[in-house]
Amino acid sequence: VWGFLAHYHPKATMGDIHMDYELFRVMPLVVEAKDKKERSRILNNWIIQSLGKITETGSYTDKTPDSYSRMVNLEWINNEQHFSEELIKTLNEVKDAKRSEKFNYNVIIYGGSKRSTYLDPKSLYPAVSWEDQGFRLLSLFKVWNNVEYGFPYTELTDIRWKEVITGFIEPFATAKSRKEYDLLLLSLVAHIGDSHGNIFRQGKSLVHEQWVKKNNTFSDLVKTADGKVVVHSPGICPLKQGDIILSVDG
């Protein structure tokens, strides 16, 4: 719900609401909710009181569906097993709200080789340690939602992207070291199945930091048509280009 609002509610998309702060205002209340009815009431009140009631709607009929590789599926907002009738109505009003078609504060813009990713200083927290449990969960939610609302191939992942997040919440909440946290981030990104997937901290690649420099075991692998796993670019590890990996740990 938080990620959906960040990408669809007009006040959030214009940057008028600091959604990171909003997450920590509402999350404790949701965690303590006794049942669906109370949780729905908390979420509905939060949306209307903190983000504001929707007053204008827009027209979003897609006239060229074939020009998109994927359309975001929002059917979950109508799930009566999870949400009350009142909350479903509010979520649909947000979905249909009038928004800018040219700007969304929470959408990361990528400019090819120029790496023109938009990062607002308010969304960076250099003084917050990885040890902060809330910060780790915020990182998980941000990465997951950026893929959910900005990646064109979530329908092609080995595990359905909507199911991926549930398996990471507890590990992110209980990570015991910086390395464990970094590897969780990389594991999350690996689930998109894209060889260019990576996490950068202060311009440095976590893949390079955690694997190439420390373990000397990283290499680019390719899968052939007959299913063999072949070393493509060995880098500095002992494997050589063209080596076929038959098994791991025996």
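## A walk through the salt bridges, rings and core

Lys 162 and Glu 148 join their side chains in a salt bridge, 2.8 Å from N to O. This pair ties together distant parts of the chain: Lys 162 belongs to helix 7 (residues 161–164) and Glu 148 to helix 6, with their positions 14 residues apart in sequence. How exposed or buried are the two partners? Lys 162 is partly exposed, with a relative accessible area of 31%. Glu 148, on the other hand, is buried, and its relative accessible area is 2%.

Before going further, keep in mind that this is a predicted model.

### The overall picture

The protein has 250 residues, of which 35% count as buried. Its secondary structure comes to 10 helices and 5 strands. If you take the contacts between residues at least 6 apart in sequence, 58% of them join residues at least 24 apart.

### More salt bridges

Side chains of opposite charge can pair when their charged atoms come close. Searching the whole structure turns up 8 salt bridges. Here are three of them, including the one we began with.

| Salt bridge | N to O distance | Where the partners sit |
|---|---|---|
| Lys 162 and Glu 148 | 2.8 Å | helix 7 and helix 6 |
| Arg 25 and Glu 22 | 2.8 Å | helix 3 (residues 19–32) |
| Glu 93 and Lys 89 | 2.8 Å | helix 5 (residues 85–95) |

Arg 25 and Glu 22 are 3 residues apart in helix 3, so about one helical turn separates them. Glu 22 counts as buried, at 6% relative accessibility.

In helix 5, Glu 93 and Lys 89 are 4 residues apart, so again about one helical turn lies between them. Glu 93 counts as partly exposed at 22% relative accessibility, while Lys 89 is exposed, with a relative accessible area of 51%.

### An arginine without a salt bridge

Now for Arg 136, which sits in helix 6 (residues 133–150). Arg 136 is buried yet has no salt bridge. How far away is the nearest side chain of opposite charge? That side chain is Asp 132, and it is 6.8 Å away. A salt bridge needs the nitrogen and the carboxyl oxygen within 4 Å.

What does the side chain of Arg 136 reach instead? One target is the backbone oxygen of Trp 130, at 3.1 Å. Another is the backbone oxygen of Phe 172, at 2.7 Å. Setting aside neighbours within four places in sequence, Arg 136 is in contact with Trp 130, Glu 131, Phe 172, Ala 173, Thr 174, Ala 175 and Tyr 181.

### Phe 172 and the rings

Phe 172 turns up again among the aromatic rings. A pair of aromatic rings is described by the distance of the centres and the angle of the planes. The structure has a count of 10 aromatic pairs. In one of them, Phe 168 and Phe 172 meet edge-to-face, with 6.1 Å from centre to centre and 65 degrees between the planes. Both residues lie in helix 8 (residues 166–174), 4 residues apart, about one turn of the helix. Are Phe 168 and Phe 172 buried or exposed? Both are buried.

Once neighbours within four places in sequence are left aside, Phe 172 is in contact with Arg 136, Leu 137, Leu 140, Tyr 181, Leu 184 and Leu 185.

Elsewhere, ring pairs link Phe 4, Tyr 8, Trp 76, Phe 83 and Tyr 149 into a cluster.

### The nonpolar core

In soluble globular proteins, nonpolar side chains tend to be buried together. Here the largest nonpolar core holds 52 residues, and those that touch the most other members are Phe 4, Leu 5, Met 19, Trp 46 and Phe 172. Which helix gives the most to this core? Helix 6 does, with 8 residues. Two of these names are familiar by now: Phe 4 also belongs to the ring cluster, and Phe 172 pairs with Phe 168.

### A stop at a strand

Last comes Val 229, found in strand 4 (residues 229–233). Val 229 is partly exposed, with a relative accessible area of 24%. Not counting residues up to four places away in sequence, Val 229 touches Leu 221, Val 222, Lys 223, Asp 243, Ile 244 and Ile 245. The C-alpha atoms of Val 229 and Gly 242 are separated by 9.5 Å, and the two residues are 13 residues apart along the chain.

Methods: Residues are numbered from 1 along each chain as its sequence is written. This is a predicted model: local features need pLDDT of at least 70, side-chain atom pairs count only at pLDDT 80 or more; totals for chains, interfaces and linings use all residues. Side-chain values use heavy atoms; hydrogens and water are left out. Rings of Phe, Tyr and Trp (its six-membered ring) pair if their centres lie within 6.5 Å; planes under 30 degrees apart count as stacked, over 60 as edge-to-face and the rest as tilted. Helices (H or I, at least four residues) and strands (E, at least two) are DSSP runs, numbered from the N terminus. Buried means under 20% relative accessible area, exposed over 50%, partly exposed in between (1.4 Å probe, protein chains only). Lys and Arg count as positive and Asp and Glu as negative; His and the chain ends are not counted. A polar contact is a pair of N or O atoms within 3.5 Å; within protein, one must be able to donate a hydrogen and the other to accept it, and residues adjacent in sequence count only if both atoms are side-chain atoms. Contact means heavy atoms within 4.5 Å. A nonpolar core is a set of buried Ala, Val, Leu, Ile, Met, Phe, Trp, Tyr and Cys residues joined through side-chain atoms within 4.5 Å.
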